[in-house]
Amino acid sequence: MSQVAETPTSPEHPPAAAHGDHAAYDGLRLRDVTKEFPGGFTAVRSLDLDVPRGSFFALLGPSGCGKTTTLRMVAGLETPTSGSITLAGQDITYAKPYRRPVNTVFQSYALFPHLDIFENVAFGLRRRKTKDVDAKVREMLELVELTSQARKRPAQLSGGQQQRVALARALINNPEVLLLDEPLGALDLKLRRSMQIEVKRIQVEVGRTFVHVTHDQEEAMTMADTVAVMNGGVIEQMGAPAELYENPRSTFVANFLGQSNLIEGRVLRRAADVTTVEMHGIEVSVPSPRVHTDADAGWVGIRPEKVLVGRPGEELDAPGNTIPGGVVSDVSFVGVSTQYLVRMPWGQELQVFSQNTGRTHMFTQGESVELSWRPEYAFLLDRSQDADAGAAERVGG
Amino acid sequence: MTSTAGVAPPLEAAPLPPDTGRRRGRTGYLLLLPGLLWLVLFFVVPFYSLVATSLYDPAGSDFRGYEMTWAVGNYVDALGEYWRPLLRSLWYGAIATLFCLVLGYVLAYAIAFKAGRWKNLMLVLVVAPFFTSFLVRTLSWKLILADDGWVVGTLQFLQVLGDDGRLLATPVAVVAGLTYNFLPFMVLPLYASLDKIDPRLVEASSDLYAHPAVGFFKVTWPLSLPGVVSGTLLTFIPASGDYINAELLGSPNQRMVGGVIQSLFTDANDYPAAAALSMVLMMLIVVMVLVYVRRAGTEDLL
């Protein structure tokens, strides 16, 4: 079930045969990595992953999906049951954590409470007997804007400041890969947003590989170049945030990363460019590259903000799929948009987000409406997948 | 406690009758009263009596009665005559504390980090010796270290001890007894402070290029210092004042100051000398503890 990012660096499948060219890859590479814990729980199942050098990579998934275990295996704090991990061509699968060019920003930071900020940041340098510790620490404290706090203890700092100390303490060692384990989870929403931008800025500035573990899909999409969505120990889908959002390949990704309307349908015709699907008696078309099932039965997926709502018979800017017979069952006005729930003739309620441009009509509860969307925004998923997968685990909007 | 009345939050006090603040203060004093009474009865009065006794005329006796003559010379006499057992006490106490620290640290570390689900059972086992009497436990060490016991036999077989060598009535036996008897006082505070250490800190040190041994001395050890300080105090103070171990496992050559004081009080009836010696021991320990805590940088313990 493992999937590899559609990057030019990972053509080989099955991965077990690919040991030969590891030396050529300069990023972080996981091959067929499995982690079973005593007691029989399998946290990670034959995972393949390529993280290009210098990229900001996010592992996104609900709690218990194996993302933190994956991170800890890269850090050396857990040993894989099988498989291999290479970094810049070096096999580090069984290397001791203190011998890897990898540093971690821990969840809740794990700052040394008995050392001041300066010594916390200097810890890694001192262990490696680096020269010019003072100058380097000062420079790093400047980067995270904590120069004035150098002689304070961690407990005297605020959450956001502690977070920056944790980042500085890891970054100062100039690691090949910086691992971030839900580093913003303990911060309040506003601070989290500004730290997301801050961390991203620092990543661009130092140009190192960052691997960020989070369960917050907005955080992952804001910060990362590439997002891998994990569920049940495997990677569901991997790609650029926009690609994942616009063209999810499983119901889990469709629901976990934003919201989706999933409508039962049956494939009528398959052509090279367009696949026609019958959906409760209505024919809709889906671009063939966005069809992710070989079976006849499927879920037609459409994002709520891609659905247009109008009066019956009204001309809408969506040539293609029109679904008549809806009745507005719920309206919530949230300022930038109005969110409708529309009950369809077959009983399902679809979500529609209508942008508040000022030119659209506000519908009220009980009004009859027609829905439509541009065919290029629809996608088709496998019918055997659970239509609610991932919806409950999603955080935030 | 006077501040209790002062800090009554205005928000809370406003809707209540105006005398609440004073009543709160009075409650505080009332709660303090039993403790204060206890301290006055069982600490201040005996302490005063001990100080006074140490300054009685040394020529007094049970028949003639004692006179308070501010005889500071008692201290000089006591020190001059009994400095050997006094030094020996501090020395034995220090060695026993060191052994307790090494053994206790390993044990407490294992319980805190490695015991898993056996943690509670192991803690109970640490305390279990207290279920029997101190005297009985010390006497059983007499059996263990007996001249025809298996410990001496094994050591003789290994040529560590000569054929007529023995353990009983030697410093080894006394220090072994002290170490055994006071080990729980070391283990419990050590465990309490080791158990509080977040294992992620050790992971973080390892992530930051610290070899496990280096990580121990840079992270675990400094964070466990409060336990080390309170453990060594709880061990050293009673161990250096102890006289049971020296009496049961040692010979007159291993006599400790506690034994001297006891026999001065009960056998020789030389109350002034006994009291003076008690005072010297107490002052020495107080000074040593103050210096130690200062140097260890754990003043918050006091």
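Colleague: In β12 of chain A, which residue is the bridge partner of R270(A)?

Modeller: In this predicted model, the bridge partner of R270(A) in β12(A) is T275(A). The wider pairing joins strand β11 (residues 261-270) of chain A to strand β12 (residues 274-279) of chain A through 4 bridges, and the two strands run antiparallel.

Colleague: What is the order of the strands in the open sheet of chain A?

Modeller: The order is β13-β12-β11-β14-β20 in chain A, an open sheet of 5 strands with antiparallel pairing. Its edge strands are β13 (282-287) and β20 (379-382) of chain A, each of which pairs on one side only. On average, neighbouring strands of this sheet are turned by 45 degrees against each other, direction ignored.

Colleague: Turning to chain B, how should one read the length of helix α13?

Modeller: One multiplies out a rise of 1.5 Å a residue, so the 26 residues of helix α13 (residues 271-296) of chain B should span 38 Å; the end C-alpha atoms are 37 Å apart, which agrees. Just after α13(B), G297(B) takes a positive phi of about 70 degrees.

Colleague: Which residues of α13(B) are buried?

Modeller: Among them are Y271(B), P272(B), L277(B), V280(B) and L281(B). As a general idea, an α-helix has 3.6 residues a turn, so residues three or four places apart point the same way.

Colleague: Which residues of chain B does UniProt list for "transmembrane region"?

Modeller: The unreviewed UniProt entry lists several spans of chain B, including residues 29-51, 168-192 and 273-293. In the model, residues 29-51 of chain B are 100% helix and 0% strand, with end C-alpha atoms 29 Å apart. Residues 168-192 of chain B are 88% helix and 0% strand, with end C-alpha atoms 35 Å apart.

Note on methods: Residues are numbered from 1 along each chain as its sequence is written. Chains are lettered from A and ligands numbered from 1 in the order in which they are written. This is a predicted model: local features need pLDDT of at least 70, side-chain atom pairs count only at pLDDT 80 or more; totals for chains, interfaces and linings use all residues. Two strands pair if DSSP finds at least two bridges between them. Axes are lines fitted to C-alpha atoms, for helices over the stretch in contact, and angles run from 0 to 180 degrees between N-to-C directions. UniProt positions are given in the numbering used here, feature names are shortened, and annotations may be inferred rather than shown by experiment. The expected span of a helix is 1.5 Å times one less than its number of residues. A residue is buried if 20 or more other C-beta atoms lie within 10 Å of its own, exposed if 12 or fewer, and partly exposed in between; C-beta atoms are placed from the backbone.
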